[in-house]
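I wanted to look up where the ligand sits and what empty space the protein holds. These are my notes.

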Amino acid sequence: MKAPRELWTSRVAFILAAAGSAVGLGNIWRFSYVVGTNGGAAFVIVYLIIIALIGYPMMVTEVTLGRKTHKNAIGAFKALAPNTPWWLVGALGVLAGFVILSFYSVVAGWSLSYFFKTIGGSLGAGADFEGAFVSHISAAWAPVIWHAVFMAITLAIIAAGVVKGISRTVRVLMPVLFVLLILLVLRSLTLPGAGAGLSFYLQPDFSDLTAQSILAAVGQAFFTLSLGMGCMITYGSYLSDNDDVPDNSAWVVGLDTLIAIIAGFAIFPAVFALGFDPAAGAGLAFITLPAVFAEMPAGVLFGAVFFLLLSIAALTSAISLLEVVVAWLVDEYQMARKKAALMIGVLIFLLGIPASLSMGAVDISVGGMPFFDFLDFFQESILLPLGGLLTAVFAGHVWTARTTRESANTNHGKIVIGAWYEVLIKYIVPIAIAIVMIFGLIEALG
Ligand code: PHE
């Protein structure tokens, strides 16, 4: 006899958990650095179009597949298309869970340690913010230890079960994070010289766009919405059959997008006002934001609270990444949840070590990039877009667009998914992703 599967305790619990998964380092750390290295406003516009045309339909699709089957990423495909190779799409998702969480946890570790650095006062006015960041990530031990601490917390929560751990944390966290971001925006916008940052962020120059940057926008859209890897299938699987899909999905997509856009207003005006380089790469948020805090009254307090919240936002995303793998082992192999969490957590921790070391301590590169950058490139350019493409083909042509749409509309709230969904999921989404992937990869690898 198996214990019955857990269910979210309420509609709000699902929205909070799914939004907790979506809102994370992707919205602040990754969004700002990807926008910064891809030229700014034009990239943001492409990104928003992709969120609307691909992100929302994919969110509806994945949550529907989960609610319909009440199964993990692999099990959902097996349930709807037994004895076919479609389960491999779920397997790709499980692989993505490994890859993403290994470097994600390293960045979350940076955030945790920045919490303590801020309290310690070493990031006050006049500090060398860029130098501090570079020396922090290129150290051998400290980032690996913070990565271990973060993975240990993630693992402990997943071992305890999804529902209890996740809902409670997110309910408190999200509103506070939101308020802090707004404060940051106000300070950033009022710095002398902020205007140049605003035009970088808001005035598009479409000649900046390359095939590779459009692929990066697709990858970022999937990453930030936790799509293309079975995460929302897994979270959807804890919905009851009576729960709504279209409205819930809209909430998650809307909240996630809002927070990323606001984060951009906190970061880019400050980047230009304080003389940083928007294309600085993975350090942008960690270099710029401490500098903005240093310009604020009670900056130490705000800065510390911010990095604590960022770490918690990262935690609610990390939980969902680990849950994809753990739910698979629990559902398909009846493995005990605690054992699965421990085993996978340790493996991911190990994969994260070379990622962390490759930031400067040791020369570990793959395909000419530091191992960390390689993992991020691999998930952004291949794993998530490919996972999303295949999920769309599955929903649109195998389970069929009509069935998926009807299933999504079962017990719907305000939003009803119209016929447009069928056109998008059958043709537009897969074809657009395929084209972007082909040209983007040719350019990136060529
Ligand atoms: N969406 C999370 C973020 O933006 C990261 C994530 C990706 C979580 C994929 C789950 C699955 O930080």
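The entries below cover the ligand first, then the cavities, then the largest pocket.

Ground rules. I am working from a predicted model, where local features need pLDDT of at least 70, side-chain atom pairs count only at pLDDT 80 or more, and totals for chains, interfaces and linings use all residues. Residues are numbered from 1 along each chain as its sequence is written, and side-chain values use heavy atoms, with hydrogens and water left out.

Ligand. I looked up the residues near the ligand (a heavy atom within 4 Å of it). There are 15 around it, and Ala22, Gly26, Tyr104, Phe223 and Ser226 come nearest. By class, the shell has 7 nonpolar, 8 polar and no charged residues; Ala, Val, Leu, Ile, Met, Phe, Trp, Tyr, Cys and Pro count as nonpolar, Asp, Glu, Lys and Arg as charged, and the others, Gly among them, as polar.

Next I checked polar contacts (N or O atoms within 3.5 Å; within protein, one must be able to donate a hydrogen and the other to accept it, and residues adjacent in sequence count only if both atoms are side-chain atoms). A backbone N or O atom of Ser21 is 3.1 Å from a ligand nitrogen atom. Leu25 places a backbone N or O atom 3.1 Å from a ligand oxygen atom. Asn27 has a polar side-chain atom 3.5 Å from an oxygen atom of the ligand. The ligand taken alone exposes 320 Å², and the protein buries 100% of that (Shrake-Rupley method, 1.4 Å probe).

Cavities. I used a 1 Å grid over the protein atoms alone: a cavity is a set of points where a 1.4 Å probe fits but cannot get out, a pocket is an open set with protein on both sides within 12 Å along at least five of seven lines, and lining residues have an atom within 4 Å of a point. I count 2 cavities of 30 Å³ or more. The largest cavity holds about 120 Å³ of space and is the space taken by the ligand (more than half of its atoms lie within 2 Å of the grid points). Its lining has 19 residues, with Ser21, Phe223, Ser226, Ser317 and Leu321 nearest the centre.

The second largest cavity holds about 50 Å³. Among its lining residues are Ala73, Phe77, Gly228 and Thr391.

Pocket. The largest pocket has a volume of about 500 Å³. Of its 25 lining residues, Tyr33, Thr37, Asp373, Asp376 and Glu380 are closest to its centre. The lining has 12 nonpolar, 9 polar and 4 charged residues.

Note on methods
Points joined across faces, edges and corners; volume = space filled by probe spheres on them.
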